[in-house]
Amino acid sequence: MSKNIKLMQGNEAVAEGAVIAGCDFFAGYPITPSSEVAEILSSKLPKIGKVFLQMEDEIAAMGAILGAALGGAKTITATSGPGMSLKQENIGYASMCEIPCVIVNVMRGGPSTGLPTLPAQGDVMQAKWGTHGDHAVIAITPSSVNESLYETIRAFNLAIKYRTPVVILTDEIIGHMREKVVIPDKSEVEVIDVKLPDVPPEKYNPYNYTSGKVTPLAPMGEGYRYHVTGLIHGETGFPSQKTDIIQNAQNWLIDKIYKNIKDIEKFEEFQTDDADILIVAYGSTSRSARQAISMARAAGIKVGMFRPITIWPFPDEQISNLSKKIKKILVVEMNMGQVILEVQRTACGSKVYGLHIVNGEPITPDNILAKIKEVSEN
Amino acid sequence: MSDRIEFRFSGSGGQGLILAGIILADAAAIYENKNAVQTQSYGPEARGGSSKSEVIISNDPIEYPKATKVNYMVSLTQEAFNKYINDVKDDGIVIVDKELVTDFSKAKGKLYVLDMVKSAREELGKLLGLNIISLGVLVEISGIVSHDSIEKALMKRVPKGFEDYNKKALEIGFRLAKEVKKG
Amino acid sequence: MIKTKFNYDYYLRKNTLPHIWCPGCGDGIILKALLRAIHKCGYSKDEVVITSGIGCASRLPGYVDFNTIHTTHGRALTFAIGMKMYKPKLKVITISGDGDALAIGGNHFIHAARRNIDMTLIVFNNYTYGMTGGQYSPTQPLDSFATTTPFGSIEPPFDVCNLAQAAGATWVGRSTSYHAVQLEKFMVDALNHTGFSVLDVITNCHISYGRRNKMKSPVEMIKYQKEKAVPARSAENMSPEELAGRFKTGILFEAKDRPEFCGEYHKKLELLKTK
């Protein structure tokens, strides 16, 4: 097979990945810096017989993809900060009702309207805690255009497999930069499809809280009639206020993610073997960190990096293990301190430093090198 | 990192500089199998204001995607020239148009002042294509990619019916650069 | 098409009953009319999808044996659009209260109408937020009382039908929970219409609205519906003074020549296929 190599934008790679993953349905609302995802899919999806919808607002876009997902569609929406805030209630609905969907948040500076055209990584905590109530989510932070494509495919798979919203957190840099991408053939990647349940309709319950297995979501209109509600519900799908059902439902929403963390987690370790300082960085910032590490090593400072690709659920175990052998950890992120809180929680015994620059510019390798030197002398 | 070369097109929104950057990155990445990253930045408005489009080209993987030590800069407005000249390396090369940039009090690096606007007006009949002329100049002066590669990348992104027009613009750029190189 | 004898039990999820509605509430009458109408239209239970928002009326889907989605407040139409666009063969119905459809969901209401997508919206219009205890809604009459208008409402109400028609809905009608037979008939008509149909159903909340507005009992509220309803034909010959405080009933607007969104979209897909 001749390799299909293209120069493309991160946002385009997300759209390309969605198509390869078998996306059936996109609904969105225009917002910088994510609009290219919508623009590209508005052309690609109809050409392959799929649905593209520009809705009246962000909330409607989120509702529409959930409606389609209940019909069995593989769905995606794309947005940025203000839009992500608006979508939160329906994201919670997706968590509660266990409806698969992929939500792309091309992060820009915030809060509020913030910096529409400039990058930030300020929505990491929002991805986890943005909607009310206890729940778990999966969130992914690609650091290149190529990774944006492959991680979008993985996001669709995880969404279907665990019946959960999956958030792809890119940022203005990754979303807008152009890089070489190797576009795979569908046969080269794993794609999980929506399936009918393996039990007949009369035996089908849309939820299962105790077996440890995720019940497939039956596409509506195929003979499996059931009820979906954002109220706490039992395994039959109908609302309940029984204490044991409430507790089981709550446990399940967390457990189905955390008990499968080995399958969901993804990370990269870079030059950690002999490192005296460990950088924790993700997304576009990890690129600067990698360059800074080469510069630091050239100057005789042994630095390595841990890069979460799945950022939620957080890689507690890996950070904890690394912190046993590397005593200084430097968290670099384009926010005022979000992932550092998780690192402080999990890295027992290491001193945790933070480099948080939020000025509309990406954090540069020089910024990081200066901080490495400071940490090294500390 | 030693072979990392940084290019910056700067001017105002709507001049087509982002496209020029994309074509350069495409030529390097797809037709010469190098690594290339193209980024851009602009204000909240889509048109007007100062904008820049940057391309990093290297044989090694490119990590930090933005330009910080610029080897080659093209400026098509005085405002962009003043705003973005600081990152140009001392031995960097700056390419400007004779009519659009006239105040060189902030100049840095080696300066090439060319008649790009004048040539566009006289040979193309309009200013559309100024971005491609400047791209031709940049390619000729830097030698970063072959004429053949840049032409292929250009043709891929030119609307139907405008192939000859753009090819001509590119060649004007090559010629102007050759002239100025000769001194 | 199914042609069996009508039986409520066939359509009800009896294990989810009793319902949460107060004794005397009009919502049950509308539910029963809806089941009869669906039966008359001959839809199978598998092809019907009902979405609803939040509020008393929006609890309806839980009691009926179709594909049912009790969504978030105001957003039932957005889920319905997603479902309809992905599975155009399904019959999609949305149940919404006046607050749900016109306050928090007002934007979706006008845009669903603008698109003229082939779905039916039934508004259970009881002038109040019953579930939360009787706060004023966007259809509450001027000068009437609610827990949040203790001194009388100074906000003019929306006319659901005028709004729907102006926004682009191609079937617009109004009935009440008193006119149960007419209600069923209008529902059949709305369901059979190709395009966005909006049926405004005036219903009674004597608990949250009636008690504060001199209609303590369901009987008084049903009487209000009977007396204030003016058939559209009769209204044509009445002066604005005579119509004050009353509402028009009937099929108020119907257009069959306007493009329907879902069909248009899929037509475009066919065109792209042949290219």
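I looked first at where chain A meets chain B in this predicted model, and found 23 residues of chain A in contact (heavy atoms within 4.5 Å) with 26 residues of chain B. The two chains bury about 2000 Å² between them, 57% of it on carbon and sulfur atoms, where buried area is the accessible area (1.4 Å probe) lost when two parts are put together, summed over both. On the chain A side, A:Leu7, A:Arg178 and A:Lys180 supply 32% of the area buried against chain B, more than any other three residues.

I noted that residues are numbered from 1 along each chain as its sequence is written, with chains lettered from A in the order in which they are written. Local features need pLDDT of at least 70 and side-chain atom pairs pLDDT 80 or more, whereas totals for chains, interfaces and linings use all residues, and side-chain values use heavy atoms, without hydrogens and water.

I then looked up the salt bridges (a side-chain nitrogen of Lys or Arg within 4 Å of a carboxyl oxygen of Asp or Glu), and the count between chain A and chain B is 2. One of them joins the side chains of A:Arg290 and B:Glu63, at 3.4 Å from N to O.

Last, I turned to A:Ala60, which lies in helix α3 (residues 58–70; a DSSP run of H or I, at least four residues) of chain A. A:Ala60 counts as buried (under 20% relative accessible area, 1.4 Å probe, protein chains only) because its relative accessibility is 0%. Leaving out residues up to four places away in sequence, A:Ala60 touches A:Met55, C:Thr78 and C:His108.

Note on methods
Helix = DSSP H or I, 4+ residues; strand = E, 2+ residues; numbered from the N terminus. Buried < 20%, exposed > 50% of the residue type's maximum accessible area, 1.4 Å probe, protein only.
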